Amino acid sequence: MKRTNRRKAATAVAALALTATALAGPALTDSGTRQAHALTAPVAMTADDLPTWQTNGVVWAMAQSDGVVFAGGTFSAIRPPGAEPGTGERQAVNFAAFDAATGAPTDCRLNFTVGSGTATVRALTVSPDGGTLYAGGNFAAVNGTHVSRVAAIDIATCQVKPGFSVSVSSTVHALAATDDTVYLGGDFTSVEGQSRSKFAALTTGGELRSWRADADLTGRAVEVTPDKKSVVLGGDFARVRGTDSHALAVVDAASGALKRAYGRTFVPRNSVVKGLHVDETGIYTANEGTGGGVFDGRIALDLDDFDQRWRDTCLGATQDVTVYKGVLYSSSHAHNCSSMGQFGELYERQHLLAESVDDPTPLLSWFPDTDDGPANVEQVGPRVMVVSSRGGTDYMWVGGAFSRIASNGNKPQQGLVRFANGPDTRDPTVPDGVSAANVTAGVRVTWPASTDLDDRTLTYRVYRNGGSEPVGTVRANSTFWDRPTVSFTDTTVKPGTDYTYRITASDADDTNTSARSEGATVRTPGTPTETTVEREATADAYVNGSSTGSTYGTHQQLAVRGSSPYESYLRFNVPSPPSGMVLDSARLTVTTSNDSYAATPDAISVRPVTGSWSESSVTYADRPSLGSATLGTLSGAPERNTAYDIPLSKSAVGDAAGSSFDVALTSTGSDSLWLLARESGGTGPKLTLTFRKP
C-alpha cells in the first residue's frame, strides 16, 4: 500500500548567458500558455519564487520584450541566484537583461553612466513592435555614447540608436510609448532647450512634439489608454495645465489638453501616485502617502469616463501595480488593511498582494513576501513589476530594494525575484498544535488551519495510529492572518484504546501535500479490546559496495540496490504486548525521497539482521550478517514522495517483544531505491504494531 507524501525540494538552475535576439515566446494571451494548478481562482500566478540572478543595488524600472526582461536601477553588478554579495559578480552598471524563463543574464550589456553624481535608470518601456527599448533616468552616456537622461536602444543589436538624441534638463522617472510617440515624466523643466514642465512628448525619432501637459511638481508615472486617445499622468503634482488635479490626471494624447482633473481630495494632499497600470480592464494607481491620514492603497478607474470603480485603503506605500488574467498584483509594504476588512496591524510588512480587478476585497490568496531591504536604502521592498512570457510559461518579475525572500525561509535574494504561472510546487504548512480529546461521540481532533501562499482552501486528512488511509477528511479556508480552528470527530474508536492522530494539509487537486503533523494521543474510556502503537527507528544506515570503507549513518537518506550494491539497516525497539493482548499485525513504513531517481520498479526484501552493527560506524566492509528468511516484501516503489507499507512476519516481530528488532532492506535488482532516513525529520522508517484481545 502507498500514500503520497510530497515534500519541498531545492532546485539548482544553471546560469547560462543567452543571446537576446534568439529568445522567443508566445504573447501573454496565447491560448497555449500553461495554467497553474493548485491555486485559488482567480489567482493564476504561483507564489513560488524561482532562482533568479540578483543585483547589488536597487531595481527601479523593468520592461520586457519577447521573453527578455530588462532591469534598470542604481547598481554596479549582478550575481547568480543565492550568491552572497561580492560572490560571482559580473559588472552591470545600472542595467541588465535577463532570460525571463531561466532568470539568467543575456549577452546584452549596456552601462549607463554620468560624469558627476550618481547615475541611475528610473524608467524603461518597449515600443509596441517590440523592437526598441526606451530608457530614462539620470545618465549622460550608454556604453560611451553620449545621451542626456533618455535613450533609445535597438533590442536586436543591443546598441544605442544614434538618431535618437534628446536633451532633458533633469531626471526622467516615467516613459510610455506608442507607434509614433514617446511620453516622458520626471523632474525636468525643459526638453531640447524648450520649456516642458514635468511631462513631455517626443517622436520615435527623437524630435520634441508640441504636446504639453505641464505640471508643477514631479511626474512619476505615465501610461497611454488602449484606444491611444488619452494619456494618464501620475506623480507629486497639484496642478496640470494650470488646473487643480492632485497626483492624477488624464490628458489628450494628441495635444496634452486636460480631459479629466481630480480635485485635491480625490488623492489626499499628503499622498502621491508612484505607479500606474492601464489595460483593457481599466486604469490602476499605486499610491504612497506621508504622515497621518494618508492614502497608501490602490484605485481602479473605468476607461469610458475615468470615474472611480473602487479603491482599497490598505496602509503601506504602494509602489507599482500590474494586471495578469483579471487580477491586480501590487508591490507595497502593506501593514494594515483592517479598514477594508482584511488583516489588521501586522507590526511587520506584507510586500506583495493580489486583488480582483472588479473588487478589492477580499484580498486574494497570493502572499509571497520579501524583506524591506538593507538599512542603507529607503526600506519599502519591491518597487516595480512586469510579466513576460517564454516557452509557454508566463513569468512575473519583481524588482526593488529588497535583499531577502521572507516567504521562502528568508533566503538571500537581492533586487530581483520572479514567479511563474505554473507548476505550483510548494506544500502547505505542516499542521501544528494538533490536539485530541474524548467527547460523547468519540474522539474530537482539533488543529489551527495551515496556510498556503497561493491557495485559500486546503484539504486536511486525519490519520490514526500510522494508518495508510485517512479516517477523516475536512476542507477549510485560511490566510496567513486568519487561521480558524479545524476539527474532526472520529466516531469509530473502540473503548480503552490508545489512539494517535496526525494531520496532513493538501492544496487544490492534492497537487501538494504537507508532511504529517506531530501526533496527538488520547486513550478512550472503557475496557480496551485493541490498541495500535507506532515506533520510529532508533538507528538506521546504509552501506555502499562501491565505497566499502565509507559510513552513511548520518545521511538523511537510505539506499537499496542489488548490483553495485546498497543495503540499508533499521533498528526498532519493540514494546511488550499490553496485558491480556497479543500482537495481531505488524507493518514497516518507508518513504521514497523527492529525488528524481528515488523510485524503483525492483522488489525489495526485508530480512533479519543476525550480526551486530552501529549506525555511526557500519561500512560495507564490516556489514552485519543477515538471516535467510524474508520477513516482508515490497513489490516495487514506482513513485517518489510516497510512503509504502510492508506487512511483516507477525511471529518474527513478536519474538523481539521487549527488545530491539533489526532488519535489512535488500534487493537483487539493478535499480536503486532511495528512502528518507530518520534524520530527515518525522518521515523516516516506522514500525506499526496492532495488539488485540484474543
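Visitor: Is F95 buried or exposed, and what of F112?
Guide: In this predicted model, the cut-off for a buried residue is under 20% relative accessible area. F95 meets this criterion, and F112 does as well. Both residues are therefore classed as buried.

Visitor: Which geometry do the rings of Y329 and W366 adopt?
Guide: The ring centres of Y329 and W366 lie 4.7 Å apart, and the planes stand at 85 degrees. An angle over 60 degrees places a pair in the edge-to-face class. The pair formed by Y329 and W366 is therefore edge-to-face.

Visitor: How many residues apart in sequence are the parts that Y329 and W366 tie together?
Guide: Y329 belongs to strand β31 (residues 327-334). W366 is located in the loop between β32 (350-356) and β33 (382-390). The pair therefore ties together parts whose separation in sequence is 37 residues.

Visitor: Which strand gives the most residues to the largest nonpolar core?
Guide: The largest nonpolar core has 32 residues, and L588 and L689 are among those that touch the most other members. The strand that gives the most to this core provides 4 residues and spans residues 582-591. That strand is β49.

Visitor: Over the face of which residue does R516 lie?
Guide: A charge counts as over a ring if CZ of Arg is within 6 Å of the ring centre and within 35 degrees of the ring normal. R516 is placed at 3.7 Å from the ring centre. The residue whose face R516 lies over is Y463.

How values were computed
Residues are numbered from 1 along each chain as its sequence is written. This is a predicted model: local features need pLDDT of at least 70, side-chain atom pairs count only at pLDDT 80 or more; totals for chains, interfaces and linings use all residues. Side-chain values use heavy atoms; hydrogens and water are left out. A nonpolar core is a set of buried Ala, Val, Leu, Ile, Met, Phe, Trp, Tyr and Cys residues joined through side-chain atoms within 4.5 Å. Buried means under 20% relative accessible area, exposed over 50%, partly exposed in between (1.4 Å probe, protein chains only). Helices (H or I, at least four residues) and strands (E, at least two) are DSSP runs, numbered from the N terminus. Rings of Phe, Tyr and Trp (its six-membered ring) pair if their centres lie within 6.5 Å; planes under 30 degrees apart count as stacked, over 60 as edge-to-face and the rest as tilted.
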